[in-house]
Every structure is written in C-alpha cells, then in structure tokens.
Amino acid sequence: MKKYGWLLFLAFWLCFIPSFHKAEAAGVNLFLDGKQMNMSGDASGEMVNGKVMVPLRVIGEQMGYKFEWAPKEYKVTVHKSNADISMYVGRTTAYVGDKEVQLDSPPLLRGSSTLVPLRFVGEQLGLSVKWDNAGKAVYLQQLAAAEPDKNNSGNTDVSDKGSSKSDEQAAGRDTDKQTDTDTGTGTDAVENTREVDGISFEDGRLMVSADEGSEPSVFTMTNPDRIVVDFKNAKFAEHLKDRYSEGSDGARVIDVDPNDDVQFIRFAQFNDGGSAARIVLMLNRAKGYSVAQENGEYVITLNDSPGAPADQAVNTPVKPSNPAVPSGQDGRWLVLLDAGHGGKDPGTSGITGRKEKDFNLAVALKVQERLQGDPNIELVMTRDGDTYPELAERSSMANSLNANIFVSIHANSVTKSATSALVNGSETYYTKADSKELATVMHKYLVEATGFKDNGIKVKSLHVTRETKMPAVLLEAGYLSNAENEAALYSEETQNRIADGIVNGLREYLGL
C-alpha cells in the first residue's frame with residue numbers, strides 16, 4: 001500500500017510541474033507594430049531567470065525573414081540580406097556573419113520553437129523594443145517604419161536630423177516652459193574630439209564610459225518623465241552606433257531588462273547651439289538621481305527623491321573614485337583569472353576538432369603555476385578543471401572578492417566560408433573606460449607571445465568585462481579556424497609564452 005501511495009504522490013506532482021512552466025510562459029504577451037501576435041503554446045514569450053525570451057521564428061517570419069534549422073548542431077540561422085545570424089541552443093555565443101556576439105542568455109527549445117533573449121532580437125532584427133512591466137507585455141516595432149512614440153505626443157527626445165523644429169519638438173520638453181530652437185546640423189561636429197564609448201544599465205544605475213574631461217550635464221524632463229544626460233562637444237563611438245540601428249527619428253534605442261522604473265534608453269547627437277552626445281532614460285514614473293564617477297565611468301543612480309525641474313539643466317558635481325588598493329591576503333593584489341567556457345560549453349572548435357575550452361584552461365593553469373607563492377599577486381581561478389561556471393557566476397565571484405583585476409582567456413574563430421581560413425591574429429577586448437590601460441598593457445604582451453597578426457584593442461560589450469566592477473579584459477589569443485594559429489595555440493611552447501606574457505602584463509600594470 002505504501003508503494004502505491006508513493007506512486008500516486010509522484011504522479012500528482014508530475015501533473016503539476018508543466019503547468020507551472022506554462023503559467024510563467026503565458027505571462028508575456030508580444031505585440032509587433034501595434035498588433036498582438038498570435039502564438040501557439042510552445043511559441044509564446046516567457047520569463048527565464050529574469051530575462052524575457054521570445055520566439056525567434058514567429059517574430060522573424062512575420063518580418064519576412066527565412067530560417068534554417070540544423071538539428072544535429074542545435075543551430076538556427078536567420079537569413080538576412082546583409083549578414084546571416086546563427087545561434088546555438090544552450091550556448092551564449094552567436095554569430096552575425098563572421099562576427100561573434102555574446103548573448104545575455106542562451107537560446108532555449110520550447111517544443112518546435114527557439115526562444116532567444118529579447119535584447120538580441122531588438123538589436124539584430126532592427127526593432128525598437130519596449131517592455132511594459134505592469135502589463136507583462138513586449139512591444140516590438142520595426143525601426144524602418146517606426147512612428148513617433150504615442151506617449152510623447154509625436155515628439156522625440158534626441159535627434160541627429162537637421163531641422164528647424166523647436167527645441168520642445170526636438171527634445172520633448174514641456175511646451176509651456178520652453179521656446180528655444182534647434183539650430184544644429186545634428187552631425188558629429190569637427191570640434192567633437194571627445195567620445196562616449198560605452199552605455200549600460202543595471203540595478204537602477206546608468207553607466208556611461210566617456211573620454212576624460214567629458215563631465216555630463218544631467219536634468220529631468222516631463223510629459224513623459226525622463227532623465228537626460230548630455231555630454232557637451234562629444235560624439236558617440238562608431239562601435240556604439242554600429243551596434244544599435246538608427247530609427248526614423250535619428251535616435252538609437254537600447255532596451256533594458258524588465259524594470260519598474262525605466263522603459264528603455266535612447267541616444268543620439270543633439271544640437272542646441274553646440275553638438276552634444278545625448279542619452280535619455282525613458283521612465284515609467286518620475287525619479288530622482290545622483291551622479292558620481294566610479295572606476296572611470298560616470299554613474300547616474302536612480303532614487304526616489306524629487307527630480308530637477310524640467311526646464312533647468314543641473315550640472316551635478318562628479319566625485320572621483322578612490323584609487324585602487326590591494327584587496328588580496330597579506331596586502332597582495334588580487335587577480336581573478338578566467339579560463340573561458342568549460343564543461344558543457346566547449347567554446348569554439350578548431351579545424352582539427354580541438355576545443356577552445358581546453359586551450360583556455362591549459363594557459364590558465366600555466367599562469368597559476370607561475371604565480372604560486374608570489375609575494376605581490378594573489379591569483380584566484382574561476383575554474384581549474386573541466387567545469388562550467390555561468391557567466392554571471394564568474395563576474396559575481398570577481399565582484400564579491402573585490403578583485404583588483406579580471407582577465408579572461410579565450411581563442412577565437414569565424415564561421416566557415418571561402419575566406420574564413422585566412423582570418424587570423426590576436427586581439428584584446430574591454431568594455432569600460434577604466435579597463436583601457438589594462439587592455440593596452442595586456443595586449444602588448446599577448447601579441448609578443450603569439451607572434452600573430454596584431455588585430456588591435458577593441459571595445460565590446462561582453463558580460464565578463466561589462467559586469468565586473470574592476471578593470472577587466474578578454475584576451476582572444478588567436479583563431480582556431482586558421483590552421484597556423486590553431487597549430488601554434490595547442491603547442492606547449494606558445495602556451496608557455498602566452499602564460500609568461502600574462503604574468504608580465506599583470507606585473508607591469510600593477511607597477512611591480
């Protein structure tokens with residue numbers, strides 16, 4: 001009897017487990033160009049670990065794209081005129097043409113549908129994305145045919161289009177208070193020698209990387225509520241403009257994770273007697289803010305105090321951050337070393353089938369061996385075996401330990417094509433302005449160690465270099481899709497040189 005009672009209990013819970021998932025999935029409704037999308041049960045949007053996931057095929061087909069599914073590789077490809085988009089179920093690495101892109105969350109299979117992160121859909125399919133937290137709904141609009149925001153009475157906050165519109169039309173100000181005119185051309189003026197090269201939003205904080213001396217002017221506007229951040233005589237870096245599609249109003253849109261306070265972020269060049277790089281936080285309700293400088297970034301933190309008047313620009317003083325001090329044991333500098341991928345995530349593969357995760361770990365272990373017992377550097381590894389810490393775990397580990405430096409080791413690859421075998425070289429990535437110096441030093445030693453083509457230092461929004469609070473870099477030692485690079489990277493001699501280079505780069509950067 002006890003045996004049957006246990007089976008009945010198990011059957012009861014098995015019946016209810018799927019219903020919990022479907023209840024969550026049913027909570028996200030999708031609208032494309034103002035029309036609700038009809039979706040089957042296995043092709044609906046859902047929330048996964050705080051990320052909105054949407055059915056790629058349903059959205060893409062309604063926009064006229066063609067798809068290809070490779071079941072053996074768990075790979076879905078979107079065929080676009082300019083560049084195919086390839087994604088793999090369970091992997092956070094995707095490809096736009098030959099360019100590698102990191103996803104916030106890996107694609108998921110739901111029945112016959114592939115769910116992908118909402119942010120990626122907006123960026124790669126040219127959609128304006130808005131999240132209605134109260135209604136648990138996603139509003140998608142094709143930017144090529146985008147209409148003015150109805151909540152903004154047809155006005156926009158930022159524009160890089162030349163016109164004779166009044167300032168309240170161009171900036172969405174309260175027309176009872178403003179009568180200025182927009183007289184600029186909206187293009188990147190010659191005098192704009194400073195650049196804004198990074199924009200991110202997390203936990204109620206807007207973080208902006210800009211050249212030194214580019215202190216922002218921050219103020220609020222109403223109808224609708226928003227916070228405006230202006231960098232005078234500055235322009236946006238080309239990689240930012242390339243990443244986000246330009247709308248019909250001249251602005252680019254960055255969607256944010258579901259948030260009670262912020263709907264989305266807009267940015268564009270703005271003119272009011274002088275060109276400025278303008279960033280606008282579109283709010284769900286009026287919010288106050290504070291401004292500070294942390295680790296080389298300007299940080300605007302939302303709070304519940306009253307905001308500044310809509311017609312008054314507030315030049316908020318920026319407080320410099322404290323200089324870094326050793327945070328390891330016995331007064332040593334704490335370095336977090338990350339061997340990319342691992343475990344269930346092999347990373348990319350070489351032309352002979354060798355896995356990136358093995359190269360990354362081999363080099364990391366050699367660095368660990370060289371720094372054992374070092375009196376000045378305490379080294380902590382995100383993994384020292386074939387395991388897979390999630391990306392969030394890697395950045396969280398670095399932040400919780402208050403590490404001084406974060407270095408991630410990787411090898412690169414491009415999708416196979418007629419010319420892919422020719423792509424080769426070493427490159428270094430960083431995201432935040434405070435990481436540029438570290439990237440410069442580490443890249444110098446990386447290129448010396450590999451002897452490969454110098455592909456330079458690049459700015460890219462990667463999770464481990466974006467979400468870590470300390471200077472952070474990602475090293476792409478070489479291309480496994482290139483026969484010569486692959487052969488060298490898996491040789492003991494090259495791995496030893498790269499390990500020596502990483503150690504020497506750390507010591508130079510730390511002044512040791």
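In the predicted model, Trp69 is partly exposed, with a relative accessible area of 33%. This residue belongs to strand E5, which spans residues 66–70, and together with Tyr74 and Leu109 Trp69 makes a nonpolar surface patch of about 270 Å². Because a residue must have over 30% relative accessible area to be part of a patch, the value of 33% computed for Trp69 is compatible with its place there.

At the level of the whole protein chain, 11 helices and 29 strands are assigned, and buried residues account for 54% of the 512 residues. The accessible surface amounts to about 23,300 Å², and carbon and sulfur atoms contribute 50% of that area. Of the contacts between residues at least 6 apart in sequence, 64% join residues at least 24 apart.

Side chains of opposite charge can pair when their charged atoms come close. The structure contains 15 salt bridges, including one between Glu238 and Lys241, in which the closest N and O atoms are 3.1 Å apart. Both residues are located in helix H5 (residues 238–243), where a spacing of three residues separates Glu238 and Lys241 by about one helical turn. With a relative accessible area of 47%, Glu238 is partly exposed, whereas Lys241, at 18%, is buried.

A salt bridge is also formed by the side chains of Asp386 and Lys357, with an N to O distance of 3.1 Å. Asp386 is found in the loop between strand E25 (377–381) and helix H7 (391–400), while Lys357 is part of helix H6 (residues 356–371), so this pair ties together parts that are 29 residues apart in sequence. Lys357 counts as buried, its relative accessibility being 8%.

Helix H6 also contains Arg370, whose salt-bridge partner Asp500 lies in helix H11 (residues 492–509), so that parts 130 residues apart in sequence are tied together by the pair. In the salt bridge between Arg370 and Asp500, the closest N and O atoms are 2.5 Å apart. Arg370 counts as partly exposed at 28% relative accessibility, and Asp500 is likewise partly exposed, with a relative accessible area of 35%. Elsewhere in the chain, Asp261, Arg285 and Lys287 are joined into one network by salt bridges that share partners.

Note on methods
Residues are numbered from 1 along each chain as its sequence is written. This is a predicted model: local features need pLDDT of at least 70, side-chain atom pairs count only at pLDDT 80 or more; totals for chains, interfaces and linings use all residues. Side-chain values use heavy atoms; hydrogens and water are left out. Helices (H or I, at least four residues) and strands (E, at least two) are DSSP runs, numbered from the N terminus. Buried means under 20% relative accessible area, exposed over 50%, partly exposed in between (1.4 Å probe, protein chains only). Contact means heavy atoms within 4.5 Å. Accessible areas come from the Shrake-Rupley method with a 1.4 Å probe; for residues, only the protein chains shown count as cover. Patches are made of residues with over 30% relative accessible area and no salt bridge: like charges are joined within 9 Å, nonpolar side chains (Val, Leu, Ile, Met, Phe, Trp, Tyr) within 5 Å. A salt bridge is a side-chain nitrogen of Lys or Arg within 4 Å of a carboxyl oxygen of Asp or Glu.
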